[in-house]
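Got a few minutes to walk through a protein fold? Have the sequence and the 3D view open, and follow along one topic at a time.

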Amino acid sequence: MVITLALSSEELNDEHLQELTNELRKTLVDEAGIKAELVEGVSEEGTRGEPITIGLIALTFLTSGAAVAMFDVFKSLFNRRKYLELEMTREDGKKIIIKAENISLEDLKGFLGN
């Protein structure tokens, strides 16, 4: 299952949001064992390198335990930054929005089908 995770915040500029996205991607890989890759955008004419879409990570789940590990990563993230919002979108288009005030392991498991 591949899920797109969109990280957003009204309090962060694009540079800081992308730094946080990079940090989250690394933590999900290192601590949750989830394959997580930054989503590449469409290249603009005259630019070099691969463009990255700000705040987007593509997640691939390999085990059911990855959902619990991801939830723990999210809880830690929200404990430090309550102004963030995470929107997860499955391949079939179903979405879930997670904020500091509504984070729930049961909702996340239901969304992931675990």
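**Helix H1 and its buried side**

In H1, the buried residues are Leu 17, Gln 18, Leu 20, Thr 21, Leu 24, Leu 28 and Ala 32. They spread over an arc of only 160° around the axis, which puts them on the same side of H1. Keep in mind that what you're looking at is a predicted model.

- Helix H1 covers residues 14-32, so to speak its full run of 19 residues.
- From its first C-alpha to its last, H1 reaches 26 Å, close to the 27 Å expected at 1.5 Å a residue.
- Now turn H1 around: the face turned away from its buried side carries the exposed residues Glu 15 and Asp 30.
- Zoom in on Thr 21, which has its place in helix H1.
- Is Thr 21 buried or exposed? Thr 21 counts as buried because its relative accessibility is 0%, and the cut-off for buried is under 20%.
- Leaving aside its neighbours within four places in sequence, Thr 21 is in contact with Leu 7, Leu 38, Gly 55, Leu 56 and Ile 57.

**The chain as a whole**

- The chain has 3 helices and 5 strands.
- Starting at the N terminus, the elements run β-α-β-β-α-β-β-α.
- There are 114 residues in the chain, and buried residues make up 33% of them.
- Take the contacts between residues at least 6 apart in sequence: 57% of these join residues at least 24 apart.

**Helix H2**

- Helix H2 takes in residues 65-80, which is 16 residues.
- H2 reaches 24 Å from first C-alpha to last, close to the 22 Å expected at 1.5 Å a residue.
- Which residues of H2 are buried? They are Ala 66, Ala 67, Met 70, Phe 71, Val 73, Phe 74, Leu 77 and Phe 78.
- These residues cover an arc of only 165° around the axis, which puts them on the same side of H2.

**Helix H3**

- In helix H3 (residues 105-112), you'll find Leu 108, Phe 111 and Leu 112 buried.
- Their arc around the axis is only 95°, which puts them on the same side of H3.
- What covers the buried residues of H3? The cover includes E1, H2, E4 and E5.
- Phe 111 has a charged visitor: the charged end of Arg 90 sits over its ring, 5.5 Å from the ring's centre.
- How many aromatic pairs does the structure hold? The count is 0.

**Strand E1 and its two faces**

- In a regular strand, side chains alternate between the two faces of the sheet.
- You can see this along strand E1 (residues 2-8), where Ile 3, Leu 5 and Leu 7 point to one face and are buried.
- Val 2, Thr 4, Ala 6 and Ser 8 point to the other face of E1 and are not buried.

**How the strands pair**

- E1 and strand E4 (residues 85-90) pair in the antiparallel sense over 6 bridges.
- Which residue in E4 is the bridge partner of Leu 7? That's Leu 86.
- Ala 6 also has a bridge partner in E4, namely Glu 87.
- E4 is joined to E5 as well, by 5 bridges, and E4 and E5 run antiparallel.
- Met 88 has Ile 96 in E5 as its bridge partner.

**The E4–E5 hairpin**

- E4 and E5 form a hairpin with 4 residues between them.
- In the turn, Gly 93 has a positive phi of about 95°.
- Asp 92 lies in the loop between E4 and strand E5 (95-99).
- Asp 92 counts as exposed because its relative accessibility is 55%, and the cut-off for exposed is over 50%.
- Asp 92 and Val 2 are 90 residues apart in sequence, but 9.9 Å apart in space, C-alpha to C-alpha.

**Thr 60 in strand E3**

- Thr 60 has its place in strand E3 (residues 52-60).
- Thr 60 and Gly 33 are 27 residues apart in sequence and 9.7 Å apart in space, C-alpha to C-alpha.
- Leaving aside its neighbours within four places in sequence, Thr 60 is in contact with Met 1, Val 2, Ile 34 and Lys 35.

Note on methods:
Residues are numbered from 1 along each chain as its sequence is written. This is a predicted model: local features need pLDDT of at least 70, side-chain atom pairs count only at pLDDT 80 or more; totals for chains, interfaces and linings use all residues. Side-chain values use heavy atoms; hydrogens and water are left out. The expected span of a helix is 1.5 Å times one less than its number of residues. Buried means under 20% relative accessible area, exposed over 50%, partly exposed in between (1.4 Å probe, protein chains only). The arc is that of the directions from the helix axis to the C-beta atoms. Rings of Phe, Tyr and Trp (its six-membered ring) pair if their centres lie within 6.5 Å; planes under 30 degrees apart count as stacked, over 60 as edge-to-face and the rest as tilted. A charge sits over a ring if NZ of Lys or CZ of Arg is within 6 Å of the ring centre and within 35 degrees of the ring normal. Two strands pair if DSSP finds at least two bridges between them. Contact means heavy atoms within 4.5 Å.
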